[in-house]
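Reader: I am in my first year of study and should like to examine one part of this structure closely. Might I ask for a careful account of a single helix, set in the context of the chain around it?

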Amino acid sequence: MSSSDMREALTEMTSDEFVDLEQIRDGVFYVDPFGVKGNMKITGELTNLFGQRLVVTGETLRSRFSLAIDDLEFFVDELAERDYIRRITAGKRDYYTIGPQLKEHADDVGLDSRLAREASNGKIAHADLESVIDVAATSDVIRYLDREGYIVDLDGEYLVEEAIDEYAQYLAGEIENAVESEFEESSYILRVGEFEQVVENEITRQFDVLSEARSVRREIIDGVRETLVEQLGLNVGREMVEASEPFAAVTEDHAQRILTEVKADANQLPGTLPEWVELGEEHFEELRVSSAESVNEHVRDAVREQYRTLVNEEEFGGMAE
């Protein structure tokens, strides 16, 4: 078969709707590999490539797939249309990173995963980011990463959005002592709103991140708060936040003191648990640990309950109702 016969046959095949063949320029035909098993080879090659580098040039893709220079743009468009790659326009040049469709077939490969691995305490230094990107148009690519929500510029270093939880844990560790002191000064109980304000104030006092990273401000505060709840052993209710163990110790001390005072003042010890509680009411009402009456009421309720427990155990052997 002559070359002219082959070209004529291929040209006829391009008009067949059941054949994935397309003529992209004179004498060059393209067989669509995405509907056949060749697809796996392409995804494997791209996964391997992006597992090594975050961002690649068009020349890297052309070399990897042995393409002619004139065919690169067509092939890149095919990959981009199928979400196998994403195009980063940087000045007069285009760069490419992994696309969402390819990430479904690749474990722990991609910009977000790689940046998270390279981050330290949720952040990555400028020099380290340049090294990871490893392309010429670094500033253009960094702007793309910032615009697309991969990183947040913190003036010389970058917060990795995929690693916000890690960054929140770091911040929580830095402000933990200050938050703990606030609880100590407030009888180990704060209103929910007060607790959240303390967390935000301490972050702002020690770091500039909340003003610089406004797009993820809420996520940072929430992450720090959740970490502190775990680290400090806090009990978060609908209205109050307690430092569980020290608050329990405080309420027990108050209850024991009131029980001692009730016994000392009583001419005759009561015979029922309700009578004991009634004798303690005046002492409960005197409890004031905060300027907020809602906090005082919460403490009184906790002390009253602990007082009932003590009376039941000491006077009734745990048998009273």
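Author: What follows is a close look at helix α14, preceded by a brief view of the whole chain and followed by some other parts.

The model is a predicted one. Its chain contains 15 helices and eleven strands. Of the 321 residues in the chain, 41% are buried. If one takes the contacts between residues at least 6 apart in sequence, 58% of them join residues at least 24 apart.

Helix α14 covers residues 273-286, which is 14 residues. At 1.5 Å a residue, a helix of this length should span 20 Å, and the C-alpha atoms at its ends are 21 Å apart, so the expected and computed values agree. The helix nevertheless has a kink of about 40 degrees, and the centre of that kink is G280. G280 is also one of the buried residues of α14, alongside L273, W276, V277, H283 and F284. As to what these buried residues pack against, the partners are two other helices: α13, residues 244-265, and α15, residues 293-316.

A second pair of helices may be described in a similar manner. Two packed helices are described by the angle between their axes and the distance between the axes. For helix α7 (residues 126-133) and helix α8 (residues 138-147), the axes come within 11 Å and cross at roughly 100 degrees. Because angles of 65 to 115 degrees count as roughly perpendicular, α7 is roughly perpendicular to α8. On the side of α7, the contact is made by H126, L129, E130 and I133, and on the side of α8 by T138, V141, I142 and L145.

The strands deserve attention as well. An open sheet is formed by three strands in the order β6-β8-β7, with antiparallel pairing. Strands β6 (123-125) and β7 (151-153) stand at the edges; each has a single partner strand, so one side of each is left without a neighbour in the sheet. From one strand to the next, the twist averages 30 degrees. Between β7 and β8 (residues 157-160), which run antiparallel, there are three bridges. Within this pairing, V152 stands opposite L159 in β8.

Finally, one residue elsewhere may be considered. E194 lies in helix α10, residues 192-206. Its relative accessibility is 28%, and E194 therefore counts as partly exposed. E194 and V241 are 47 residues apart along the chain, yet their C-alpha atoms are separated by 9.0 Å.

Note on methods: Residues numbered from 1 in each chain as written. Predicted model: local features only at pLDDT ≥ 70, side-chain atom pairs only at ≥ 80, totals over all residues. Heavy atoms only, no water. Helix = DSSP H or I, 4+ residues; strand = E, 2+ residues; numbered from the N terminus. Expected span 1.5 Å × (residues − 1). Bend = angle between axes of the 7 residues up to and from the residue. Buried < 20%, exposed > 50% of the residue type's maximum accessible area, 1.4 Å probe, protein only. Contact = heavy atoms within 4.5 Å. Pairing = 2+ DSSP bridges. Axes fitted to C-alpha atoms, helices over the stretch in contact; angles between N-to-C directions. Parallel < 35°, antiparallel > 145°, perpendicular 65-115°, else oblique.
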